[in-house]
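Trainee: I should like a close look at the pockets of this protein, with their linings described in full. Please treat the matter in one connected account.

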Amino acid sequence: ADNKFRLVGNQDEADIALKVTFAAGTQGQLVLTAGLVNANGNVIWPLTPHTSRRRYEGLAEKTIAAFSRDLANDIQQLERKDR
């Protein structure tokens, strides 16, 4: 909604890549791991040093909401640093 990101049809056009994996967990849980890398393959999110992915596990709706919230909050944090 805020136009910070846009999808492109060819990875050569991309500045960053969102790498996400989904798996079925136990008792109907969803396991989601996600990370952002730049065009050189360097991890730019999560912001935690020496971490290439962030892992979420739980009910699908809550898991996806937690991932989205964390990513949005970290983007806002980075924007405040750049000011």
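Mentor: The account below takes the pockets in turn and then two individual residues.

The model is a predicted one, in which local features require pLDDT of at least 70 and side-chain atom pairs count only at pLDDT 80 or more, while totals for chains, interfaces and linings use all residues. Residues are numbered from 1 along each chain as its sequence is written, and side-chain values use heavy atoms, with hydrogens and water left out.

Rolling a probe the size of a water molecule over the atoms shows where empty space is left. A pocket here is an open set of points on a 1 Å grid over the protein atoms alone, where a 1.4 Å probe fits, with protein on both sides within 12 Å along at least five of seven lines; lining residues have an atom within 4 Å of a point. A volume is the space filled by probe spheres set on the points, which are joined across faces, edges and corners.

The largest pocket has a volume of about 780 Å³. It is lined by 26 residues, of which F5, R6, I16, A17 and L18 are the closest to its centre. Helices (H or I, at least four residues) and strands (E, at least two) are DSSP runs numbered from the N terminus. On that basis, β1 (16-24), β2 and α1 each supply at least two lining residues to the largest pocket, and α1 has the largest share, with 6 residues. By class, this lining holds 14 nonpolar, 6 polar and 6 charged residues, where Ala, Val, Leu, Ile, Met, Phe, Trp, Tyr, Cys and Pro count as nonpolar, Asp, Glu, Lys and Arg as charged, and the others, Gly among them, as polar.

The second largest pocket has a volume of about 150 Å³. Its lining consists of F5, I16, L36, I44, W45, L71, I75, L78, E79 and D82. Two or more of these residues come from each of β3 and α1, and α1 gives the most, with 5 residues. This lining has 8 nonpolar residues, no polar ones and 2 charged ones.

Helix α1 (residues 60-82) also holds D74. D74 counts as buried because its relative accessible area is 11%; buried means under 20%, exposed over 50%, and partly exposed in between (1.4 Å probe, protein chains only). Leaving out residues up to four places away in sequence, D74 touches W45, L47 and R54, contact meaning heavy atoms within 4.5 Å.

A39, by contrast, is exposed, at 65% relative accessibility, and lies in the loop between β2 (30-38) and β3 (43-45). Apart from neighbours within four places in sequence, A39 is in contact with A14 and D15.
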